[in-house]
Amino acid sequence: MSSRLTIILLSLILLPGCGNDRRIDDRTAMGINGDVRQMTVVREDLANGLPPMLDDWLSEVWFDSAGQLSAVNGFEFSAHSDSITVTPSDSRTGIVIKLRRWQDGTALHYDGTVTDLSFPGGETSQCSASITLDDMGRVAAVQDTGLLGGLLRLADYCTSSTRKFTYESEGPFPSGEHIKASLGDNLTEVTITFAYTATDSLGNWTMRTATDATTGKPAYIERRRLDYQ
């Protein structure tokens, strides 16, 4: 797996208003409006030498008609209620993940086990991720032990990261994020600000530029392609 030190899931931005009694589906948790079938995100590094979490990457995510994940970067999701099995398209090798997906108020949680079949008998680790919303239903924070980052090929499984988002007034998109990520004893910390340059007809952003808040230099450009049902 890559040693990059963060998660995507992404590209977390706009969340529609979400009360404590409303079920949060995966599309909503990933900042998407409407019946999106597939999301492709491409990040282009503008600075050379940025921390690994800001490196170039490509992510492809598919959703079913209910707005839940059906595949991520070659991993297929098989769900029964809140129990999910995640396997590579070629299930003979690679990673197998058993998850429990549950909601606590306006927080969405994933916890379970990751088994690496490349080891004799399989090597199993415990992993988890939580997405917390603010009182307007926007992503406030994401905590991940590498589960989401591993699926998106951004981090080794069970590598920890925390992302905290800031907004301007009632703006739907984050104006910035603060990222802490660790791999072993190595800690990376960075603050990013965003400028949104394109949206589609449903108000989903399709292009944004990120700037390193410390240096004031452009860090990366991120593009999203959204294909609807």
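Among contacts (heavy atoms within 4.5 Å) between residues at least 6 apart in sequence, 46% join residues at least 24 apart. The model is predicted: local features need pLDDT of at least 70, side-chain atom pairs count only at pLDDT 80 or more, and totals for chains, interfaces and linings use all residues. Residues are numbered from 1 along each chain as its sequence is written, and side-chain values use heavy atoms, with hydrogens and water left out.

**Whole chain**

Display the cartoon: the protein has two helices and 14 strands. These are DSSP runs numbered from the N terminus, helices being H or I of at least four residues and strands E of at least two. Switch to a surface, and about 10,400 Å² is exposed, with carbon and sulfur atoms supplying 48% of that area. Accessible areas come from the Shrake-Rupley method with a 1.4 Å probe, and for residues only the protein chains shown count as cover. Of the 229 residues, 49% count as buried; buried means under 20% relative accessible area, exposed over 50%, and partly exposed in between (1.4 Å probe, protein chains only).

**Strands β1, β13 and β14**

Select residues 36-45 and 218-228. These are β1 and β14, which pair in the antiparallel sense over nine bridges; two strands pair if DSSP finds at least two bridges between them. Pick V36 and look across to Y228, its bridge partner in β14.

Now add residues 205-212, strand β13, which runs antiparallel to β14 and is joined to it by five bridges. M207 stands opposite R223 in β14. In the hairpin of β13 and β14, five residues lie between the strands, and G216 takes a positive phi near 75 degrees.

**Salt bridges**

The whole structure contains nine salt bridges, each a side-chain nitrogen of Lys or Arg within 4 Å of a carboxyl oxygen of Asp or Glu.

Stay with β1 and β14, and show the side chains of R43 and E222. Their closest N and O atoms are 2.9 Å apart in a salt bridge. R43 lies in β1 and E222 in β14, so the pair ties together parts that are 179 residues apart in sequence. Both R43 and E222 are buried. Adding R208 to the selection completes a network of salt bridges that links R43, R208 and E222.

Move next to R100 and D111, whose side chains meet in a salt bridge at 3.2 Å, N to O. D111 is in strand β7 (residues 107-116) and R100 in strand β6 (residues 95-104), so this pair ties together parts that are 11 residues apart in sequence. D111 counts as partly exposed at 24% relative accessibility, and R100 is partly exposed with a relative accessible area of 43%.

Then select R138 and D134, which meet in a salt bridge at 2.9 Å, N to O. R138 counts as buried at 8% relative accessibility, as does D134 at 18%.

**Largest pocket**

The last stop is the largest pocket, which holds about 180 Å³ of space. Its lining has 13 residues, and the closest to its centre are D64, Q68, A79, S81 and I84. Colour β3 (69-72) and β4 (75-80), the elements that give two or more residues to the lining.

A pocket here is an open set of points on a 1 Å grid over the protein atoms alone, where a 1.4 Å probe fits, with protein on both sides within 12 Å along at least five of seven lines; lining residues have an atom within 4 Å of a point. Grid points are joined across faces, edges and corners, and a volume is the space filled by probe spheres set on the points.
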